[in-house]
Amino acid sequence: MEEALAVGERIGYPVLVRPSYVLGGRAMVIAYDAEAVAHYMRAAVEYSQERPVLVDHFLESAIEVDVDALCDSTDVIIAGIMQHIEEAGIHSGDSSCVLPAVGIREETLEVLRTYTRKLALALKVVGLVNLQFAIQRDAEDKDHVYVIEVNPRASRTVPYVSKATGIPLAKVAARLMTGRKLSELLPAQLSSGKDLETGTHYYVKSPVFPWNKFAGVDTVLGPEMRSTGEVMGVAATFGEAFAKAQLAAGQVLPTGGTVFFSVNDPDKPAVVELVRSYVNLGFKIVATEGTANVLEKAGIIVERVFKVKEGRPNIVDLIKGDRIQLLVNTPRGQDTFFDEKAIRRAAVLARIPSITTIAAAQAAVEGIAAMQNRQTTVYALQQLHATTGS
């Protein structure tokens, strides 16, 4: 424990603490102080009795990116660069992502492509490779790209990218492993030097969660994977694609009504413009005291509501009374207060969409805007790829 605490002080908090080898992010936590690290280390022996516990500096306010690529040890084709909608720190299996990426600078995308090619060739990959990156923007507005991990294997994103590009990646990878080359399997794509084409549409992958099947479980997301399935939404705009993916995942975004906001202190600077977006779409706003103070200072009309421990009527009462149509509640750290768990659980029971990150709330408002402005369109993948030539 002493060694872990010393590492935390040396590299700086927050830190990601995890067993040296687990699947699905099992037993990973983000620790914001020494007390959280000590608490984790006391329980760590249950998950990693014979292996060391790893302590890494955690990148806050960073964008996470997945890259799938094909390699034959000589050439590399980048199949897709997928931007996660939730920030880094949410398990990749629990985060929605969009292909092609939105909001990432072209020069940063080029850095991702360069790193992908260099790593795949250095590792002598034959077949599929999945890379995970984090992009953090500094105070001078410069992007810094960090490599999280490289997996020389197929990832859970392969079926999704295959559908988005019209290229059967697993089949191509299998043929590469028998000695075939990209130059004969995908000559046009290789000679172009570009990522595999997705046409003019956006493809959003969203996780499916089993909250309704497990009474009392907290819906907050983190580095430990919770989802049990995935769905995909396709549309000509990112907002509509996200809304369709949420609909398929069982979260129907409202097009009117009242949105509840309760965000942690680090999220408060970003919440004002986010709430303005919801107000501009015609939504009313309800917030707890700390969030309401920030919003009212910015000139936004807010209805204040008690937390559970502060009295009645509180936010859970409003949820049960069908007065809330969307809930945005961003906790800080792995251990959340009773109020936050009670709020999110009430939303699950009432089948009200619940969002636990600012980034996802921003994606949701774009989806709602798309739903308000146009009717939902339906596409056949065969039709889309026939028009793009895939």
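Modeller: Before we look at this predicted model, one cut-off is needed: a residue is called buried when its relative accessible area is under 20% and exposed when that value is over 50%, with partly exposed in between. Cys71, at 0% relative accessibility, therefore counts as buried, and Cys97, with a relative accessible area of 2%, is buried as well.

Colleague: How many disulfides does a search of the whole structure find?

Modeller: The general idea is that a disulfide is a covalent bond between the sulfur atoms of two cysteines. In this structure the search finds zero disulfides.

Colleague: What is the mean pLDDT of the protein, and which of its elements has the lowest value?

Modeller: pLDDT is the predictor's confidence in each residue, on a scale from 0 to 100. Here the mean for the protein is 87, and 91% of its residues reach 70 or more. Among the elements, helix H12, which spans residues 338–349, has the lowest mean pLDDT at 73, whereas H3 has the highest at 98.

Colleague: Which strands do bridges join to S4, and how many bridges are there in each case?

Modeller: Let me begin with the general picture of a strand. In a regular strand the side chains alternate between the two faces of the sheet. In this model, strand S4 covers residues 62–72 and is mostly covered, since ten of its eleven residues are buried. Eleven bridges join S4 to S7, and these two run antiparallel; within that pairing, Val65 stands opposite Phe133 of S7. Eight bridges join S4 to strand S5, residues 76–87, and this pair also runs antiparallel, with Ile63 having Glu87 in S5 as its bridge partner. The hairpin of S4 and S5 has three residues between the strands, and in it Ser73 takes a positive phi near 80°.

Colleague: How many salt bridges are found in the whole structure?

Modeller: The general idea is that side chains of opposite charge can pair when their charged atoms come close. A search of the whole structure finds 14 salt bridges, and one of them joins the side chains of Asp141 and Arg105, at 2.6 Å from N to O. Asp141 lies in the loop between strands S7 and S8, while Arg105 lies in the loop between strand S6 and helix H3, so the pair ties together parts that are 36 residues apart in sequence. Both partners are partly exposed, Asp141 with a relative accessible area of 44% and Arg105 with 23%. These two residues also belong to a network of salt bridges that links them with Arg137 and Asp143.

Colleague: Are Asp265 and Lys268, which meet in another salt bridge, buried or exposed?

Modeller: Their side chains meet at 3.0 Å, N to O, yet the partners fall into opposite classes: Asp265 is exposed at 59% relative accessibility, whereas Lys268 is buried at 15%. A further salt bridge joins Arg312 and Asp317 at 2.6 Å, where Arg312 is exposed at 63% and Asp317 is partly exposed at 22%.

Colleague: Where does Ser162 lie, and with which residues is it in contact?

Modeller: A careful reading of a single residue takes its place, its burial and its contacts in turn. Ser162 lies in helix H4, residues 158–165, and at 15% relative accessibility Ser162 counts as buried. Leaving aside neighbours within four places in sequence, Ser162 is in contact with Ile167, Pro168 and Leu169, and the side chain of Ser162 reaches the backbone nitrogen of Leu169 at 3.3 Å. Leu196 is 34 residues away from Ser162 along the chain, and their C-alpha atoms are separated by 9.7 Å.

Terms used: Residues numbered from 1 in each chain as written. Heavy atoms only, no water. Salt bridge = Lys/Arg side-chain N within 4 Å of Asp/Glu carboxyl O. Helix = DSSP H or I, 4+ residues; strand = E, 2+ residues; numbered from the N terminus. Buried < 20%, exposed > 50% of the residue type's maximum accessible area, 1.4 Å probe, protein only. Contact = heavy atoms within 4.5 Å. Polar contact = N/O pair within 3.5 Å; in protein donor to acceptor, adjacent residues only side chain to side chain. Disulfide = S-S within 2.5 Å. Pairing = 2+ DSSP bridges.
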